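The following exercises invite the reader to study a protein step by step. Each task is followed by a worked solution.

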Amino acid sequence: MTEDEATLHVGGTDDDLAARVERELTAYNNAATGADDEADISIRVTGAGGELIGGLTGWTWGGRAGINTVWVRADQRHRGWGGRMLRAAEAEARRRGCTDISVASFSFQAPAFYRRHGYTDTGIRDGIPGGHVDHQFWKPLVDDPAGVLRVVALVDLGTDAEAGRRYEDAVLALLGRHGGRLERRLRTGDGRTEVHVIRFAARAGYDGFLADPERAALRADLGDAAPTSQVLEVQDV
């Protein structure tokens, strides 16, 4: 089909389109990752007469979990329902084999609530109406969080910044095989320096990442033009 033979329509709600696109993207994602266990999470709190007090919706997929929405009726807030639903969602995610969970919250919603429950800020998005921001949060669901190692790498991309960025793209893609996760990636305005915040489930994963032969081969290919890094081990305060 040529461009002249197709049409583009702009509209509002389109349930059929949303369902079709979701099916197509799910199939594509499953084929690309090998993970085909996508499933919803729903938690409902009801009163004695069946009236809705609060609810939570979310998802699990490929060992990861996420929260979409959390709501508690106004007259039932500050009674612990949000925390109970959050813990129930985390427990269900663990039961399904998930190792971490994520959520977003506008600044006028409940960012402090998620911090109190052990969620770590991983970034913000400005420009929300009213001068607000959208906070992104993440929390590990591992049984022994004391073994977690978090590092901050200050990366000089080298004489060829574009090649350095390609190298970092390739190297950071190796983190998953060693239990690592890139929590934040920042770049200076001149494009020559990056800051990476990386979490490993255990120190052994960090050691394995450093010794990864594919990482060494990528570095050897660049030779003296390879990026250099200063790495600091950090903790939440």
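## Exercise 1: Surface patches

Leu17, Val21 and Leu25 make a nonpolar surface patch of about 260 Å². The model examined here is a predicted one.

**Task.** Determine which residues form the negative surface patch, and decide whether aspartate 36 is buried or exposed.

**Solution.**
1. The element that holds a member of the nonpolar patch is noted: leucine 17 lies in helix α1.
2. The negative patch is formed by Glu22, Asp36, Asp37, Glu38 and Asp40.
3. Aspartate 36 is then located in the loop between α1 (15-33) and β1 (39-46).
4. The relative accessibility of aspartate 36 is 63%. A residue counts as exposed over 50%, so aspartate 36 is exposed.

## Exercise 2: The overall picture

**Task.** State how many helices and strands there are in the protein, and which element has the lowest mean pLDDT.

**Solution.**
1. The protein has six helices and ten strands.
2. Its C-alpha atoms fill a box of roughly 70 × 60 × 40 Å along the principal axes.
3. The protein has 237 residues, of which 33% count as buried.
4. The average pLDDT of the protein is 91, and 96% of the residues score at least 70.
5. Among the elements, β8 has the lowest mean pLDDT, at 87, while strand β2 (residues 52-61) has the highest, at 97.

## Exercise 3: A salt bridge between two strands

**Task.** For the salt bridge of glutamate 183 and arginine 150, establish which strands hold the two residues, and whether glutamate 183 is buried or exposed.

**Solution.**
1. The side chains of glutamate 183 and arginine 150 meet at 2.9 Å, N to O.
2. Glutamate 183 belongs to strand β8 (residues 180-187) and arginine 150 to strand β7 (residues 149-156); the pair, 33 residues apart, links distant parts of the chain.
3. Buried means under 20% relative accessible area. Glutamate 183 has 9% relative accessibility and therefore counts as buried.
4. Arginine 150 has a relative accessible area of 12%, so this residue is buried as well.

## Exercise 4: Further salt bridges

**Task.** Describe where the partners of arginine 185 and arginine 177 lie, and name the residues joined into one network by salt bridges that share partners.

**Solution.**
1. The count for the protein comes to 16 salt bridges.
2. In one of them, arginine 185 pairs with aspartate 169, the closest N and O atoms being 2.7 Å apart.
3. Arginine 185 lies in strand β8 and aspartate 169 in helix α4 (residues 161-172), so the bridge ties together parts that are 16 residues apart in sequence.
4. Both partners are partly exposed: arginine 185 has a relative accessible area of 29%, and aspartate 169 one of 42%.
5. Another salt bridge joins arginine 177 to glutamate 214, with the closest N and O atoms 3.0 Å apart.
6. Arginine 177 is in the loop between α4 and β8, and glutamate 214 is in helix α6 (residues 213-222), so this pair ties together parts that are 37 residues apart in sequence.
7. Arginine 177 counts as exposed at 52% relative accessibility, whereas glutamate 214 is partly exposed at 40%.
8. Salt bridges that share partners join Asp169, Arg185, Arg187 and Glu194 into one network.

## Exercise 5: A positive phi

**Task.** Explain what is notable about the phi of histidine 78, and find where this residue lies.

**Solution.**
1. Most residues other than glycine have a negative phi.
2. Histidine 78 is not a glycine, yet its phi is positive, at about 65°.
3. The residue lies in the loop between β3 (64-72) and α2 (81-95).
4. Its relative accessibility is 86%, so histidine 78 counts as exposed.

## Exercise 6: Distances in sequence and in space

**Task.** State how many residues separate threonine 13 and glutamate 51 in sequence, and do likewise for arginine 44 and phenylalanine 108.

**Solution.**
1. Threonine 13 lies in the segment before α1 and is exposed, with a relative accessible area of 78%.
2. Threonine 13 and glutamate 51 are 38 residues apart in sequence, and their C-alpha atoms are 28 Å apart in space.
3. Arginine 44 has its place in strand β1 and is exposed, with a relative accessible area of 65%.
4. Arginine 44 and phenylalanine 108 are 64 residues apart in sequence and 23 Å apart in space, C-alpha to C-alpha.

Conventions
Residues numbered from 1 in each chain as written. Predicted model: local features only at pLDDT ≥ 70, side-chain atom pairs only at ≥ 80, totals over all residues. Heavy atoms only, no water. Patch = residues over 30% accessible without salt bridge, like charges linked within 9 Å, V, L, I, M, F, W, Y side chains within 5 Å. Areas by Shrake-Rupley, 256 points an atom, 1.4 Å probe, with all protein chains shown as cover. Salt bridge = Lys/Arg side-chain N within 4 Å of Asp/Glu carboxyl O. Lys, Arg positive; Asp, Glu negative; His and termini not counted. Charge placed at Lys NZ, Arg CZ, Asp CG, Glu CD. Helix = DSSP H or I, 4+ residues; strand = E, 2+ residues; numbered from the N terminus. Buried < 20%, exposed > 50% of the residue type's maximum accessible area, 1.4 Å probe, protein only. pLDDT = per-residue confidence, 0-100.
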